[in-house]
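Biologist: Before we talk about any feature, I would like to look at the model with you and ask how each name is justified.

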Amino acid sequence: MDDTLNKGNQATAAEKEGPMKTYVFQVELVEEDDGRWSALIPSLPDCSAWGYTSEDALNAVQDTARAYIEVLIEDGDPVPNETTKAVSVIAGSEVVVVV
């Protein structure tokens, strides 16, 4: 039997879990002494990444945050809701994560 016909009756994992959600997090972005950039999301403990440019660091922390949130959801834990803007950030240093 043709696999393409069978796929019509099967829901993907994302479809079973419901609609995708979008999260926006403030990112603390710091240029290190060696010229690399560090990015961390204060509202997601231990969620950080680095890159050779600020853009690389933001892209890396976005991927890290996506994985972090996927694990929270899989484990049934709540996703932190960022309600304060107490972190000093460089303009444009936010990441959007769609899960």
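Modeller: What follows takes the sheet, the helix across it and the salt bridges in turn.

Modeller: This is a predicted model, in which local features need pLDDT of at least 70 and side-chain atom pairs count only at pLDDT 80 or more, while totals for chains, interfaces and linings use all residues. Residues are numbered from 1 along each chain as its sequence is written, and side-chain values use heavy atoms, with hydrogens and water left out.

Biologist: What makes β2 and β3 a pair of strands?

Modeller: Strands are DSSP runs of E with at least two residues, and helices are runs of H or I with at least four, both numbered from the N terminus. Two strands pair if DSSP finds at least two bridges between them; β2 (residues 28–31) and β3 (residues 37–40) run antiparallel and are joined by 4 bridges, so they meet that definition. One of the partnerships sets V30 against S38 in β3, and in the hairpin, with 5 residues between the strands, G35 takes a positive phi near 95°.

Biologist: How do you know that β4 belongs to this sheet, and why are β2 and β4 said to stand at the edges?

Modeller: Between β3 and β4, which run antiparallel, there are 4 bridges, and L40 stands opposite S48 in β4. The order in this open sheet of 3 strands is β2-β3-β4. Because β2 and β4 (48–51) each have a single partner strand, one side of each is left without a neighbour in the sheet. Neighbouring strands here are turned by 20° against each other on average, direction ignored.

Biologist: Where does helix α3 lie?

Modeller: Helix α3 (residues 54–74) lies across β2, β3 and β4 and runs at about 150° to β4, where axes are lines fitted to C-alpha atoms, for helices over the stretch in contact (heavy atoms within 4.5 Å), and angles run from 0 to 180 degrees between N-to-C directions.

Biologist: Why is the contact of D34 with R36 called a salt bridge?

Modeller: The term requires a side-chain nitrogen of Lys or Arg within 4 Å of a carboxyl oxygen of Asp or Glu. The closest N and O atoms of D34 and R36 are 2.8 Å apart, so the pair qualifies.

Biologist: What makes D34 partly exposed?

Modeller: Buried means under 20% relative accessible area, exposed over 50%, and partly exposed in between (1.4 Å probe, protein chains only). D34 has 49% and R36 has 33%, so both count as partly exposed.
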